[in-house]
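Me: I would like to go through some terms used for this model and see what each one rests on. Please set the value against the cut-off in each case.

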Amino acid sequence: MNIKKFQQDLVNWYEAEKRDLPWRHERDPYKIWVSEIMLQQTRVETVIPYFNRFMDQFPTVESLAAADEEAVMKAWEGLGYYSRVRNLQSAVQEVSERYGGTVPSDRDAFLALKGVGPYTGGAVLSIAYGLPEPAVDGNVMRVLSRILTIWDDIARPSTRKVFEEAVRRLIYTEDPSSFNQALMELGAIICTPTSPSCLLCPVQNHCQAFEEGVQRELPVKTRKKSDKKCRMAAVVLEAADGTVLIEKRPETGLLAKLWQFPNMELPAGTNPRGALTSYMETEYGMTVHIGSEKVTDITHVFTHLTWEIDVYVGTVDVKVQKDRTAFVPVQEVETYAFPVSHQKIWKHVKGMGK
């Protein structure tokens, strides 16, 4: 491969064809960092309005470091993978305290921050500071597996090192920012997973997979194990004064610290209504009256798990306050950060007239 010609073809294409995205108008390492954390596991189209709103609320390291955690979680609501934003806030608090609010340009210092892995580190350091660091995500692995015919299984964590070394050999040191973003962009809009647009590719002449006709066989990726399905029941309970019962999830684990409506996993063959009634009595010390029929059902798919939730509504005789529960006025429910599945529950129940 003529590396210099490859660099020129790739970067020239990127400069001419790149999408107009808000974070591409930035060199502020904090804002680029936020965009990269948001873009992990999330589509660009989804991220754009979140990024703009987040920057309006928390435009600087100091503003995010000092922000109330509930406000930060609410701003992130709907993006999922909530540990990302909790880690981000912890990391910017360290940046504020240790580095005077300036995101460190030293690789080891930046990678030592909470939630900053090799990809985020490479992306921020190359885009914001112009350092020739590899930023290897799924798009980059797919592109380079085809260009260089790399047959290593990209599902294996150890394979990332192979691609990082490949980027170090190929990176355009005069403009690492454009080079890394060009690889990502190529993977996002041209060198796509199932139907790569090879005839439109600016680096087709450099692609070994295209020359050999094996571009659809790459990258090699082993299949995940089948997802677990979890049958659940949830209930929206209203007290006599019109308030609604919500509870905060645990400090750690799936969807940590988000709010939800009372819910439980259903053993096979269990009657949801009866199970919920008993559960509220045992776990909350509350006598509840639950409608005889479910009002809707919600399916929510995680990467490793699918929730199938039967949703009920009911009333509470006497309010009992527990450590992680709250009775909140109907008009205030939406000020709390809920996972998407419970946002859907509330939207349906609210539409019924709650």
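Reply: What follows takes a helix, a loop residue and two pockets in turn; the model is a predicted one.

Me: Why is helix α2 called largely enclosed by the rest of the structure?

Reply: Helix α2 covers residues 29–39, and 10 of its 11 residues are buried, so the helix counts as largely enclosed. The buried residues are P29, Y30, K31, I32, W33, V34, S35, E36, I37 and M38.

Me: Which elements do the buried residues of α2 pack against?

Reply: They pack against α3 (44–57), α4 (61–66), α5 (69–76), α6 (83–98), α7 (107–111) and α8 (118–129).

Me: What makes the pair formed by D28 and Y30 at the start of α2 a polar contact?

Reply: A side-chain oxygen of D28 comes to within 2.9 Å of the backbone nitrogen of Y30. The cut-off for a pair of N or O atoms is 3.5 Å, with one atom able to donate a hydrogen and the other to accept it, so the pair qualifies.

Me: What is found just after α2?

Reply: Q41 is found there, with a positive phi of about 70°. T42 lies in the loop between α2 and α3.

Me: Why is T42 called buried?

Reply: The relative accessible area of T42 is 15%. Buried means under 20%, so T42 falls in that class.

Me: Which residues is T42 in contact with, leaving aside its neighbours within four places in sequence?

Reply: T42 is in contact with V47, L79 and R84. The term means that heavy atoms lie within 4.5 Å.

Me: What is the volume of the largest pocket, and which residues are closest to its centre?

Reply: The volume is about 1,500 Å³. Of the 42 lining residues, L39, Q41, D137, G138 and N139 are the closest to the centre. Two or more lining residues come from each of α2, α3, α8, α9 (138–147) and α11 (176–189).

Me: How does the lining of the largest pocket divide by class?

Reply: The lining has 17 nonpolar, 10 polar and 15 charged residues. G138, one of the residues closest to the centre, counts as polar because Gly is placed in that class.

Me: What is the volume of the second largest pocket, and what lines this pocket?

Reply: The second largest pocket has a volume of about 420 Å³. It is lined by 21 residues, and those closest to its centre are G80, Y81, L255, H300 and F302. α6, β6 (296–301) and α14 (340–351) each supply at least two lining residues. By class the lining has 9 nonpolar, 11 polar and 1 charged residues.

Technical notes: Residues numbered from 1 in each chain as written. Predicted model: local features only at pLDDT ≥ 70, side-chain atom pairs only at ≥ 80, totals over all residues. Heavy atoms only, no water. Buried < 20%, exposed > 50% of the residue type's maximum accessible area, 1.4 Å probe, protein only. Helix = DSSP H or I, 4+ residues; strand = E, 2+ residues; numbered from the N terminus. 1 Å grid on protein atoms, 1.4 Å probe; cavity = no way out; pocket = protein on both sides within 12 Å on 5 of 7 lines; lining within 4 Å. Points joined across faces, edges and corners; volume = space filled by probe spheres on them.
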